[in-house]
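Please look at the empty spaces enclosed within this protein and at the parts of the chain that surround them. The report below takes them one at a time.

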Amino acid sequence: MSHETRITRRAFSIGLGGALLAPYTARAQSYPARTVTVIVPFAAGGPTDAIARVYAEFLSRDLGQTFVIENIAGAGGTIGSTKAAKANPDGYTIQIGQAGTHVSSVGLYKSLGYNPVTDYEHLGLLGDLPQILIVRKDLPVKDFREFVDYVKKNGDKMNAGTAGPGSSSHMGGAMLNVRLGSKVTLVPYRGTGPAMNDLISGKIDFMVEVSLTAMPQIQGGNIRPLAVFRSARIATLPEVPSTNEFGVAGLDFPVWLGYLAPKGTPVDIVGRLNASIRKATADPTLRARLSPLGLEMPNDATNNPVGFKAFIQSEIDRWVPLIKGAGLQLD
Ligand code: MLT
């Protein structure tokens, strides 16, 4: 019997007996009784941190207790994610995981301190962001076609910033190297927040960063966007071409973000958090803040613990063979 079936049957049998139901209901109603720590496995200033803070405001209001962010950065988000997986499963330590920490890391690392599918309770998705190739203002290329030529000639002298091995920005930079046959050095930072500072000041040449944190810098004229890593253009940056328009496909790595709790977190707490997360994704104020920055909201019908877990598994099934096939595994 699958884990999902067990949960469903258990929830069903609980529903049959009022006496059995009582402790679950009481705990769900009293949760959270104190501050909840949300581990963000990257430095402040990057997209994971930025989204975590917007959602934490909503959850704090909705559930009546503070959701406080703890940045535990390093090793492409795998240090914070390992800590979250091993935390006490009482609902008071949860994390934001994302496509880097919970999909590409599985392919990139030979051994990872956690299993993204079996070591967590999957609380709910927050949304999904497109990646954009952004370059320093004075990189001598006008568009993506010129960028490709430039990288093919000068790639071994170029630097791209990433949030560390295993992060989605690392995945984007590494896949770009594979597709262009280039050898750009991927410089690890503790998050793309600090990497962005070095891109703006021209210390690095480019980054593959998600729209959320790229857009304000693009709009401020601090960096330039050359291509969107999607099969088609995106509504929030309609003037920026997709890499597919230049015949460079296979870079469409969706950077989803979601809340996860350590395995064994009580099912009623998982349900309460999922309900609040779903409320957040439907909230017009939250949407008005994040949608213009490219956040695509999850499909509410599948945004439940079973659907989210199945989604992670399907993303792993899709991307890990590609990562391994491209020879991107790290020691
Ligand atoms: C990533 O590259 O995975 C994220 O952008 C990291 C971050 O949030 O800093």
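Domain bounds here come from an automatic or database domain assignment, and the model itself is a predicted one. On those bounds, domain 1 (33-128 + 255-325) and domain 2 (131-246) both contribute residues to the lining of the largest cavity, and therefore this cavity lies between them.

The structure holds two cavities of 30 Å³ or more, and the table sets out the volume and lining of each.

| Cavity | Volume | Nonpolar lining residues | Polar lining residues | Charged lining residues |
|---|---|---|---|---|
| Largest cavity | about 130 Å³ | eight | eight | one |
| Second largest cavity | about 40 Å³ | six | three | no charged residues |

The largest cavity, with about 130 Å³ of space, is lined by 17 residues, of which Pro47, Thr48, Gln98, Ser168 and Thr192 are the closest to its centre. Which helices and strands each supply at least two residues of this lining? They are helix 3 (47-63) and helix 7 (168-180), together with strand 8 (206-210) and strand 10 (255-262).

Turning to the second largest cavity, its lining is made up of Gln131, Met171, Gly172, Met175, Phe229, Gly250, Leu251, Phe253 and Trp319. Helix 7 gives the largest share of this lining, namely three residues, and helix 7 is also among the elements that supply at least two residues to the lining of the largest cavity. No charged residue is found in the lining of the second largest cavity, whereas the lining of the largest cavity includes one.

How values were computed. Residues numbered from 1 in each chain as written. Predicted model: local features only at pLDDT ≥ 70, side-chain atom pairs only at ≥ 80, totals over all residues. Heavy atoms only, no water. 1 Å grid on protein atoms, 1.4 Å probe; cavity = no way out; pocket = protein on both sides within 12 Å on 5 of 7 lines; lining within 4 Å. Points joined across faces, edges and corners; volume = space filled by probe spheres on them. Helix = DSSP H or I, 4+ residues; strand = E, 2+ residues; numbered from the N terminus. Nonpolar A, V, L, I, M, F, W, Y, C, P; charged D, E, K, R; others polar.
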